[in-house]
Amino acid sequence: MPTQISQYKCPCCTAPLRFDGNADRLECDYCGSSYTVAEMEAMYAQQDAQAEKAFAEAEAAAEQEAVQQQEETAWDASGLSQDWGADGEKLRMLHCPSCGAELITDDTTAATSCPYCGNNTIVPGQFQGALKPDYVLPFKLSKEDAKAALKNHYKKKHFLPKEFSAQNHLEEIKGIYVPFWLFESGADADCTFHATRSHCHREGEYDVTVTEHFRVRRGGSMEFEHVPTDASQKMPDDYMDSLEPYDYSDLKPFSVGYLPGYLADKYDVPPEDCMTRADQRCRATAIEQMRRDVVGYDTVVTTGSNVSLQRGKIHYAMMPVWTLHTKWQGKDYLFMMNGQTGKMVGDLPVSQGKYWGTFAALTGVFTVAMTVLGVGKWIAMLFMG
Amino acid sequence: MKKRISLVVVWVLMLSLLCLPASAAQGRNGYVLDAAELMPDEFVTALDDQAAKMSELYQCGVYIITVDDFTDYSSASDAYGAAKELYRACEMGYGSEKSGVLLLLSVADRDYALIAYGYGNTAFTDYGKEKLKEVFLDDFKKDDWYGGFSDYLNKCESMLASARDGSPLDKGTNPAAGPVGLVISLVLSAFLAFVVCTVLKSSMQSVHAQTEADVYLREDSLNISRREDRFTYATTQRVKRETKSSSGSSGGTTVDSDGFSGSSGKF
């Protein structure tokens, strides 16, 4: 069944609004008007009832039109299957409120844009009730910033094939609000270490090294705030980890007013499935904090650790991410940029020619330098006498 | 030819003078005298021919003398002094400088002496003589006389060849150190280049999973409540310091007041 989708329209010219992270306002690209998120939320609260009524009417009209069309047409559609199989359960059909085109999205899509008219729309129901995020971190950087950051990402990469930056073209740039779980937790750690401290002195013809061995124990507690794990199966975990950290001081209470102009997904990985990753990170940090407290030794080796976690509140937040797809020599390359801090990540291809050329050149230069300085001969004499 | 004849004459005179056994084997060239009869005649001849050949080639006499007991032929208190006396008495050495090197073996108390004179002091440095000893002493310890003398002559030949090329075997002038050093430089350079390339290559990879949560540690929340540092045991390691004499020599040859260099010892 088609689902209604809503959008923020400019009260002056009715054109779709777009959230501008730099201005922290909803902007109209057509008449230049701008509004705060709070203003638009208040305005749309009044229009909700009207929208629901209009939606019901539109649905009824659409159904009537469908029946009428069915009666009028005589095409033989008996062989067409209505069954989408298992995939059908994950798909949703929407009508663009601007041009009326039918849009097919998956069941996690929360904000999208119409491929026909480019209208920015928000899918209702995805962020309602218990599914409503607690926070949103608004985009601060634009698409142009993302393009510039990608160019900058190519710089000073000695092994990057020259053709890669020259020939590859951006296939797609998307600003996405990615769902994250933010975990609050406390940790009690009790760790043991084997530490050594060495002293050297001379006794006659001998150099004597005395090594003292210690059993060191450290215990303590700490608290973690907003440990993030992405809650979207579509987004690679390692990419999401690499975009950290975010500046949480910019976190805002969630409002759909921040979404226009960007894509957004609701979570499809429950917090229970993300907990393990958060726990592992907290445990590792707890042990490391204890180890850092062991000072005054020459060597410190962890011999035992016991970390108990007190799991606290979980927050649901939407984080800004720019995704950039490029293609080169038939292979896809994915880059992502933190939409708040501008941190760009993405693995780059390595030119084998440049790699081995550099290796050979460096080997040659080092060999000449060592030969001139007599390093190799000196080492040979040490062993050969 | 005249010189060789006179050398043989002196040898014969010395044999009578030193009352060497009548059966003592000596090479026809006069470079090897086996008074202790350690080897068959054909071995002595072969060694003597080899010594003569290199002595002529490099213009530096290479000599071997074996005796039962050096005290029977010399008033010197040690093998080194005896070797010097024999060298002078037999008028050993090549040319006007009397250049040469002599290996004396005294079987009774298993003494040996290795001395050099004239150009021999240049070709056989202190370090070179140490290396020369290494090649024959292990054979003599096993009573492998021919093997030891053969190794001695072979090493002498290579050392004389190095000296003729202007780089006598000395500290820092091991001829093998050049090519080996080049190989070491190449291997080290390849390793360093690999490290640099690996660092450069790692800059191409920026996607990594996070393993810790340090940045999310709440400020001032860390509270260390237990600190125990307990001494358990101690270990001691003693390493003997290298003496200056074994590592600090800068090479060259130490020549005594008589113009000889060398040393003696037991085998």
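The following questions and answers concern a predicted model with chains A and B.

Me: How is this model numbered, and what pLDDT do local features need?
Reply: Residues are numbered from 1 along each chain as its sequence is written, while chains are lettered from A and ligands numbered from 1 in the order in which they are written. In this predicted model, side-chain atom pairs count only at pLDDT 80 or more, totals for chains, interfaces and linings use all residues, and local features need pLDDT of at least 70.

Me: How many helices and strands are there in chain B?
Reply: Helices (H or I, at least four residues) and strands (E, at least two) are DSSP runs, numbered from the N terminus. Chain A comes to 8 helices and 16 strands. For chain B the count is 8 helices and 7 strands.

Me: What percentage of the residues of chain B count as buried?
Reply: A residue is buried if 20 or more other C-beta atoms lie within 10 Å of its own, exposed if 12 or fewer, and partly exposed in between, with C-beta atoms placed from the backbone. Chain A has 385 residues, of which 31% are buried. Chain B has 267 residues, and the buried portion is 37%.

Me: Which residues have the most contacts inside the largest nonpolar core?
Reply: A nonpolar core is a set of buried Ala, Val, Leu, Ile, Met, Phe, Trp, Tyr and Cys residues joined through C-beta atoms within 7 Å. The largest one has 72 residues, and the most contacts inside it belong to Tyr177(A), Val178(A), Ala317(A) and Met319(A).

Me: Which strand of chain A gives the most to this core?
Reply: This core draws at least three residues from each of domain 1 (3-69 + 84-126) and domain 2 (143-349) of chain A, the domain bounds coming from an automatic or database domain assignment. The element that gives the most, with 12 residues, spans residues 169-203 and is strand β10.

Me: Is Glu171(A) buried or exposed?
Reply: Glu171(A) lies in strand β10 of chain A. Two residues are in contact if their C-beta atoms, placed from the backbone, lie within 7 Å, and beyond its neighbours within four places in sequence Glu171(A) touches His325(A), Thr326(A) and Lys327(A). Because Glu171(A) has 11 C-beta neighbours inside 10 Å, it counts as exposed.

Me: How far apart are the C-alpha atoms of Glu171(A) and Lys327(A)?
Reply: Along the chain, Glu171(A) and Lys327(A) are 156 residues apart. In space, the separation of their C-alpha atoms is 6.9 Å.

Me: How are α2(B) and α6(B) oriented to each other?
Reply: Axes are lines fitted to C-alpha atoms, for helices over the stretch in contact, and angles run from 0 to 180 degrees between N-to-C directions. Helix α2 (residues 41-58) and helix α6 (residues 145-164) of chain B pack at an angle of about 5°, with axes 11 Å apart. Angles under 35 degrees count as roughly parallel, over 145 as roughly antiparallel, 65 to 115 as roughly perpendicular and the rest as oblique. The two helices α2(B) and α6(B) are therefore roughly parallel.

Me: How do the residues of the contact of α2(B) with α6(B) divide?
Reply: Among the residues making this contact are Phe43(B) and Leu47(B) of α2(B) and Phe149(B) and Leu153(B) of α6(B). Ala, Val, Leu, Ile, Met, Phe, Trp, Tyr, Cys and Pro count as nonpolar, Asp, Glu, Lys and Arg as charged, and the others, Gly among them, as polar. The contact residues divide into 10 nonpolar, 2 polar and 2 charged.

Me: Which elements give two or more residues to the side of chain B that touches chain A?
Reply: In all, 58 residues of chain B are in contact with 63 residues of chain A. The elements of chain B that give two or more residues to its side are α7 (177-202) and β6 (223-240).

Me: Is His226(A) buried or exposed?
Reply: His226(A) is found in strand β11 (residues 206-230) of chain A, and it has a positive phi of about 55° although it is not a glycine. Lys156(A) likewise has a positive phi of about 55°, but with 9 C-beta neighbours inside 10 Å it counts as exposed. Because His226(A) has 21 such neighbours inside 10 Å, it counts as buried.

Me: Which residue does a cis peptide bond join to Glu244(A)?
Reply: The bond has an omega of about 0°. The partner lies in the loop between α5 (237-242) and β12 (252-253) of chain A. The residue joined to Glu244(A) is Pro245(A).
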